[in-house]
Amino acid sequence: MSQRESAEARQLLEHYCREGSQPAFDRFYRQQSGRLWRFLRFRGVAEDAAYDLVAEAFLRFIQVVCKDLRAPVALLYRITLNLRTDAWRRSQTASDYAAGMSVQGHHDEPAEQIHLRRLIGRLPESEQNLLLMRYWIGLTHREIAEATGQPAGTVRRRTAELLEQLRQEWEQDSEHDGT
Amino acid sequence: MTAPDSADLPGLIRNAFDALPGPDEERLGAIRQRLPVRQPQRLTSRQPHRLKWILWLVLLGSGTVTAGWWLGTGSQQAPEKMNHLGQSSPEANVQSDGKADTSSASDENERRRSPIIYQR
């Protein structure tokens, strides 16, 4: 999600909150729900549980979003992460939530994409969240800070460090494969 | 497979995760249908609320101004009212030479304190 997409998401929700425009909300929902579902699947949530969490996240989102329209996408992900943590705690065995999506994508997918997902999947969960929110979902550092409760400066520094860490691990893997 | 530059990694991450299998659109559509429909209530409900506040402020302000005016002018009018009723203020009993006529003035004041109907 680029800056333009982020601004568009905000405009759609302003339209929805001020005028009750359902088409505007439908468009926002179509933009975000699929990506949110895939985010949850990669975060280790089973397929059916991911649909349930998407439903619950949007239900809560719709109740609070009009109170503060500054960073709606960040708000949606904050709600989702909280719900996912709660669901994880409720199911102590975590059997429902451990059956997440594998790093495998389509069979004809470039190997480097699969390798990158595998590298990211090795990181601690909080660091995966940072990388995905910044470089896949496209949130700004400030929005991620709001979503995760960390200082914006820490988010900025940590995302840069994580990129470098990924690159180094990729290099090590390449050397390993070469020997 | 060589490692990409740090500058290329963000684009690769985006592509790698966009390539993940997506959800069933019908199921997502069904979730959307179940979400509550919001009415355009925020602005319409807040405007009368603001108007009420403004009305209350205007009423409070005008009440304060009226009370202030009444206190200011009412206290000035009080001695005049007493004179209209034929009552004299204590200063009126003081003679021009500065001495009060105590004997006759006290009788007269006694009479004047009694209700008017008896004086007639």
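Trainee: In this predicted model, how much area does chain A expose, and what share of it do carbon and sulfur atoms supply?
Mentor: Chain A exposes about 8,600 Å² in this predicted model. Of the 179 residues of the chain, 54% count as buried. As for the exposed area, the share that carbon and sulfur atoms supply is 45%.

Trainee: How many helices and how many strands does the secondary structure of chain A come to?
Mentor: Read from the N terminus on, the elements of chain A run α-α-α-α-α-α-α-α. The count therefore comes to zero strands and, for the helices, to eight.

Trainee: Is A:Arg43 buried or exposed?
Mentor: A:Arg43 lies in the loop between α2 (22-42) and α3 (47-64) of chain A. Its relative accessible area is 6%, and because the cut-off for a buried residue is under 20%, A:Arg43 is buried.

Trainee: With which side chain does the side chain of A:Arg43 make a polar contact?
Mentor: Leaving aside its neighbours within four places in sequence, A:Arg43 is in contact with A:Arg84, A:Glu125, A:Gln128, A:Asn129 and A:Leu132. The polar contact, at 2.4 Å, is made with the side chain of A:Gln128.

Trainee: How far apart are the end C-alpha atoms of helix α5 (residues 111-122) of chain A?
Mentor: The helix has twelve residues, and at 1.5 Å a residue it should span 16 Å. The distance in the model agrees with that expectation, because the end C-alpha atoms are apart by 17 Å.

Terms used:
Residues numbered from 1 in each chain as written. Chains lettered and ligands numbered in written order. Predicted model: local features only at pLDDT ≥ 70, side-chain atom pairs only at ≥ 80, totals over all residues. Heavy atoms only, no water. Helix = DSSP H or I, 4+ residues; strand = E, 2+ residues; numbered from the N terminus. Buried < 20%, exposed > 50% of the residue type's maximum accessible area, 1.4 Å probe, protein only. Polar contact = N/O pair within 3.5 Å; in protein donor to acceptor, adjacent residues only side chain to side chain. Contact = heavy atoms within 4.5 Å. Expected span 1.5 Å × (residues − 1). Areas by Shrake-Rupley, 256 points an atom, 1.4 Å probe, with all protein chains shown as cover.
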